[in-house]
Amino acid sequence: MTSEIRDINLWESGELKIEWVRRHMPVLAIIEEEFRREQPFKGLRVALSVHLEAKTAHLCEVLAAGGAEMYVTGSNPLSTQDDVAAALAHEGLKVFALHGASDEEYFRGIRKVIESAPHIIIDDGGDLVNMIHGSYPQLIPGVIGGCEETTTGILRLKAMDRAGELSFPMMLVNDAACKHLFDNRYGTGQSVWDGIDRTTNLIVAGKTVVVAGYGWCGKGVAMRAKGLGAKVVVTEIDPVKAMEAVMDGFTVMEMDRACGVGDIFVTVTGCADVIGKRHFPKMKDGAILCNAGHFDVEVDVAGLRNMATSSGKARENIMAYTLGNGRTLYVIGEGRLVNLAAGDGHPAEIMDMSFAVQALSARYLVANRDSMTREKGRMLFNVPGEIDDKIARLKLRDWGVGIDSLTPEQHRYLYGQQQG
């Protein structure tokens with residue numbers, strides 16, 4: 001049991017949450033049984049830094065069932081649920097995470113899991129991988145490899161790889177079809193509005209929602225906003241994505257214009273200062289700002305705080321900032337991930353697929369440890385197509401959905417020598 005958990009009596013509440021998601025993650029249940037039989041991680045230590053809530057806890061259980069010795073921390077101070085952390089610790093896993101942790105406490109948790117000298121890394125956003133390279137290079141030779149969950153984390157990995165700084169193989173889990181096509185679009189799309197709605201208790205219909213970024217996550221957020229009855233404005237830097245947003249029926253404009261028309265703002269870019277000091281004075285009185293990108297830098301909350309003539313708590317998890325022009329702006333969850341800082345994250349059925357990709361990618365790393373290159377500049381690996389295929393087929397089977405197969409003749413027609 002770790003001293004990081006404030007109240008160990010919370011574990012019963014956390015176990016109820018974990019049991020609920022277990023019942024709604026059928027693909028992971030099948031993988032857990034495979035792991036229990038095969039013990040692919042026997043004798044191996046796994047360091048995991050992912051948003052620590054019930055679905056992540058179940059992934060930890062699945063890896064532990066496969067023989068892994070688990071060292072667990074969060075990837076965001078506001079997304080850790082203390083009762084879930086307590087439940088995992090009660091099961092015997094090593095847990096180092098607190099809800100509302102200070103920056104010092106947060107990074108101490110990451111150091112703790114790294115100091116276990118892990119063989120496998122499961123990361124969400126890249127903090128764990130970056131710290132082991134920057135502060136614990138002596139442990140790198142023992143690392144078989146790792147798996148990265150998010151778009152932001154993959155961008156950081158690609159930068160490290162280009163610079164020749166990445167020293168062990170990393171699986172690009174976010175880029176797997178069964179992850180980003182569903183998790184990023186449908187998971188983010190629903191969970192962002194779950195977090196906004198439960199925190200504000202305000203209607204979305206009739207309001208203007210500004211979505212900054214039209215990647216897979218932004219598409220999901222915009223789609224759900226439209227379904228809730230909002231008028232949706234998209235801001236983008238990519239001309240192709242902007243064109244796609246227009247063809248999907250949304251209004252596209254620059255943030256300098258959008259900041260004056262929006263009632264609710266959701267940033268989903270992975271970049272910094274998407275909404276900043278020049279935008280705040282132009283916003284409507286009562287505008288609501290939140291972020292669904294990984295880090296709390298997309299909305300310049302520090303800049304807003306410094307500009308405000310007064311500030312205070314408006315509602316649980318909502319801060320109010322009044323500007324010199326008399327207008328008040330509201331920020332949800334300190335500008336951190338709104339679907340986790342103000343909610344429970346993606347639906348269990350969605351994370352069933354995402355965490356199945358994580359689990360099977362970790363097994364792939366172990367099984368192929370001798371053949372995966374450790375040559376600098378070539379450390380990033382796509383998730384094999386057979387992993388996506390297996391997960392999709394298991395999910396369809398659970399839904400009771402059948403699909404066709406190619407006949408031998410059709411296969412020859414498509415992939416063999418074709419007749420002119």
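The points below describe selected features of a predicted model, taken one region at a time.

1. The eight-stranded sheet. One sheet in this model is open and contains eight strands, in the order β9-β8-β7-β10-β11-β14-β13-β12, and its pairing is mixed. At its edges lie β9 (251–252) and β12 (310–315), each of which pairs on one side only. A reader tracing the sheet on the structure may begin at either of these two edge strands, β9 or β12.

2. A helix across the sheet. Which strands does helix α9 lie across? Helix α9, formed by residues 216–227, lies across β7 (208–212), β8 (231–235) and β10 (264–267). Relative to β7, the helix runs at about 170°.

3. The pairing of β13 with β14. Strand β13, residues 318–322, pairs with β14 in the antiparallel sense, and five bridges join the two. Within this pairing, M319 has V331 of β14 as its bridge partner.

4. Tyrosine 330. Is Y330 buried, partly exposed or exposed? The residue belongs to strand β14. Y330 counts as partly exposed because its relative accessibility is 27%, a value that lies between the limits of 20% for buried and 50% for exposed. Apart from its neighbours within four places in sequence, Y330 is in contact with G286, A287, I288, L289, A314, I318, M319 and A320. The C-alpha atoms of Y330 and T199 are 12 Å apart in space, while the two residues are 131 residues apart in sequence.

5. Arginine 336. This residue is found in the loop between β14 (328–332) and α13 (338–341). R336 is classed as buried because its relative accessible area is 14%, and the limit for that class is under 20%. Which residues are in contact with R336, leaving aside its neighbours within four places in sequence? They are N76, P77, L78, D103, N291, D296 and A341.

6. Strand β4 and its partners. Strand β4 (residues 120–123) is covered on both faces: I120 and I122 are buried on one side, and I121 and D123 are buried on the other. This agrees with a general rule: in a regular strand the side chains alternate between the two faces of the sheet. Strand β1 (residues 45–49) runs parallel to β4 and is joined to β4 by four bridges. Strand β5 (residues 145–148) also pairs with β4 in the parallel sense, over four bridges. I121 links the two descriptions: A47 stands opposite I121, and I121 stands opposite G146 in β5.

7. Helix α4. How many of the nine residues of helix α4 are buried? Eight are, and the helix (residues 82–90) is thus mostly covered. The buried residues are D82, D83, V84, A85, A86, A87, L88 and A89. Their cover includes α1 (11–22), α3 (54–65), β2 (69–73) and β3 (94–95). After α4 comes G92, which has a positive phi near 105°.

8. A nonpolar surface patch. L406, Y413, L414 and Y415 together form a nonpolar patch on the surface, with about 470 Å² of accessible area. One of these residues, L414, lies in helix α16 (residues 408–415). L414 is described as partly exposed because its relative accessible area is 43%. Membership of such a patch requires over 30% relative accessible area.

Conventions
Residues numbered from 1 in each chain as written. Predicted model: local features only at pLDDT ≥ 70, side-chain atom pairs only at ≥ 80, totals over all residues. Heavy atoms only, no water. Patch = residues over 30% accessible without salt bridge, like charges linked within 9 Å, V, L, I, M, F, W, Y side chains within 5 Å. Areas by Shrake-Rupley, 256 points an atom, 1.4 Å probe, with all protein chains shown as cover. Salt bridge = Lys/Arg side-chain N within 4 Å of Asp/Glu carboxyl O. Buried < 20%, exposed > 50% of the residue type's maximum accessible area, 1.4 Å probe, protein only. Contact = heavy atoms within 4.5 Å. Pairing = 2+ DSSP bridges. Axes fitted to C-alpha atoms, helices over the stretch in contact; angles between N-to-C directions.
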